[in-house]
Amino acid sequence: MEKLFKFICCGNVDDGKSTLIGQLLLNSGNVKVDQMEDAKKASQKNGSGVFEPAFLLDGLLEEREQQITIDVAHRFFDYDDTRFHILDCPGHKQYTKNMAIAAAEADAAVLVIDISKGIQEQTLKHLDICSYFQIEKLCICITKCDLSSVNGKWNDEKILDLTEKIKSILTKYKFDYTIIPVSSMQNIGIDKVLDKLVEYKNTIDNQEYENIIHIQDCKFSNGKRYYWVRYNKNLDLTKNYKLYPENIDITIDKLSENGVLTIKEDMDISRGHCIAAGEVLVNDLIRHYTIWFSEPTNDMVIKHGTRTVKILNYYENSFKLQEPLIFNNITDVKNNGWGIIIDNLTKKTIGCAVFLANENTYSSKSNKKGNVYWFTGLSGAGKTTLAKELLNSFSLKPILLDADDLRQGVNSDLGYSKEDRIKNVDRIAHIANLLASQGFNVIVTCISKEASQRARIKELIGKTYIEIFVDRSIENCQKYDTKGLYKSINRDNMINNYQEGSSVSLIIDTNNDTIEVSKQKMLNYLKSNNLI
Amino acid sequence: MLCNHLKQLQKQSIELIREVCATNNYNDMVVFYSIGKDSSVLLDLFKKAFYPQSIPIKFLHIDTGWKFKEMYEFRDKIAKEIDLLVYKNPANLNPYTDGRRYTDVMKTEALKQALQKYKFRIAFGGGRRDEEKSRAKERMVSIRDEYNRWSPRSQNPEIPPLYNTFLSDKTNLRIFPLSNWTELDIWRYIKSENIDVVPLYFAKERNVIKTQPGMYIMSYDKIGETKKVRFRTLGCYPLTGAVESDAQNVDDIISELEKAQYTERITRVIDYDTDGSMEIKKKEGYF
């Protein structure tokens, strides 16, 4: 056969997935006599007695008894010179994770919607998951149309109504889709679904190249090195390849049919290396969307390509790794854009992370240092207010270091003498620099009125230091003195003598500008400097 | 020349074999060798995976003492090219008199005893998803507990080609590189790669006893009749059915299978005795 085509069948529980697949198997001529006899027996034992195509599917005893699909089943049928590999997904909410893993490896999706139930929560969830895993082709089947018949005829009005609803929901996705009303029990519309699948598989381009090779292992024979490799799509070996994470040129000598690679250079390459032509990202800080199969734990690793790397810090939409991964944004190269998360203790797979590295801040240049947005200015000038506005302008939330917060903890031993104030600022700068060095964006709010000290901080942090001076007169600050600081005698020192300096990147005048205008000015600055 | 989809299946299988081998110790691993056609293909894939080196992993045959004599001859020939262990449960039950206990003790129990004896924790097998309904639900890298039992509810989510091939203190692994192959794929591969299989697969005049319409079992005694039959599956000869056939070579078998009305499962007693029997056996530790 010429092709191998994988598709999932998904949708809400009881919307008729198994029946539809059963009928697809029958229509494509892929059911043997003994399988048919088994299904008939099961229909009698567990079903209504009438032969139900669904009984060609469910495999576990529990599934047949409860008549639900718990886990993905793999079925194959041969049709039109193609091996169709069906991943039959459970529809029940409790088993969404099983649907998600099937979606990750599928080329297309068949989504069923019961005409009498319409669009359900699970329908939407499944659409989201298909979209996350970059499934482009979507065949939506409105099922059980025979059951809503009026006077023996399908209820066209109801079908049209649901079709319109589906269309309006799909406007927010990028699917190439079709909607087919069917009755699996009466075998109406199933051939159209089969035709559609044939059409979809014909669009799969066997000539598509990805040019990404993951090294599985290094072997020796007769003193010569060769490598076991793993790759997803065809490789164009005439391209110029580079070795990652080192990012150096490499010349491929030969790649055998059985996946044995030799290279011309005499280099020490081992498992976890990647050889690619075209852009790949190398980073230990990755923005992600993760589907969790069970709760995150304290000791997790992520496996991607042939690397297995410890997760140092896990945040809802990003994680920091012990070593970089070599990957792509899932929207650029689907096969290289996700990884599995494994609990290090039990070795169970507990999550599937989709990589979303499309943000400038963490892009292709490896190990890029994060930015430090240093808000300086008098107390009451509006630093914290503006910092919080800025905080929400990033899709990957930066870390906020507020001098007032730090004085409650790490800096609680410091008073307000000149010496202590300088120490206070130095410590904050040190923490900000540490975080930025590990790739995080940091927002600092700190009076830091000494110009010479800010110049030193700029030198310490380097190019990624962005100083925003929030300029408001003492009179105005006192007017807005929400913290009551200006009434405090102890802090008298700090309100005087703000020293403007040459380290400043942007001045925001809060005497005259509203918060909204100030925010806009900040955003304009960030955009024009390609920071967001 | 391999057709496109077989090339992809071969690539998937070899990548899986290597991934398991690259992330674990060879001493922990074994390849379950049943002498049948799937084992022949699995052996071929292991050779390719390790070429130009020889296979550094041991093979294991669980003998019941009741295999076809042609299987023993074939096994002894293959044993010259691989490192083959043979294990037989000393309980020595008899398929005629011990009924279902025979399979439990001589196959499932024996397999578990052998794994324990040699301290194997990762076992490769030639199981295919199209063979049986519960196999269709099993992962390619299948977690078994410390007693080698399968629990369908606690399977790892698996997204090829990223396999979780790591062992924990409390788990063993079964690896099924042929999961996505069908019976026809196996034969087409045998043809294109010129793989040697037990001659029982090819039709020949044989001395058999009729058990039900169209189904025969081998007779090594004088009783029985002569029929031109072949075996679609191989196991213990009293439990394996032969079918009438004219398929004398691999090409004939392929064209016979393309028209076949029944799956190969009907020739296997172990799969066919009760509803869900394979699932139950897997839960007990069988392949």
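These are my notes on helix 1 of chain A and the sheet it packs on.

**Entry 1, the model.** I am working from a predicted model.

**Entry 2, the sheet.** I looked up the strand order in chain A and found an open sheet of six strands, running 2-3-1-4-5-6 with mixed pairing. I then looked for the edges, which are strand 2 and strand 6 (176–181) of chain A, each paired on one side only. From one strand to the next, the twist averages 25 degrees.

**Entry 3, one strand pair.** I checked how strand 2 and strand 3 of chain A run: they are antiparallel, and seven bridges join them. Within this pairing I noted Ala73(A), which stands opposite Asp88(A) in strand 3 of chain A.

**Entry 4, the helix on the sheet.** I asked which strands helix 1 of chain A touches. I found strand 1, strand 2, strand 3, strand 4 and strand 5 of chain A. The direction of the helix makes about 150 degrees with that of strand 1 of chain A.

**Entry 5, burial.** Is helix 1 of chain A mostly covered or mostly uncovered? I found the helix, residues 17–27, mostly covered, with nine of its eleven residues buried. I listed the buried ones: Lys17(A), Ser18(A), Thr19(A), Leu20(A), Ile21(A), Gly22(A), Gln23(A), Leu24(A) and Leu25(A). I next looked up what covers these residues; the cover includes strand 1 (3–11), strand 4 (108–114), strand 5 (137–143) and helix 7 (190–203) of chain A. Strand 2 (73–79) and strand 3 (82–88) of chain A are also among the covering elements.

**Entry 6, after the helix.** I followed the chain past helix 1 of chain A and came to Gly29(A), where phi is positive, near 70 degrees.

Conventions: Residues numbered from 1 in each chain as written. Chains lettered and ligands numbered in written order. Predicted model: local features only at pLDDT ≥ 70, side-chain atom pairs only at ≥ 80, totals over all residues. Buried ≥ 20, exposed ≤ 12 C-beta atoms within 10 Å, placed from the backbone. Contact = placed C-beta atoms within 7 Å. Pairing = 2+ DSSP bridges. Axes fitted to C-alpha atoms, helices over the stretch in contact; angles between N-to-C directions.
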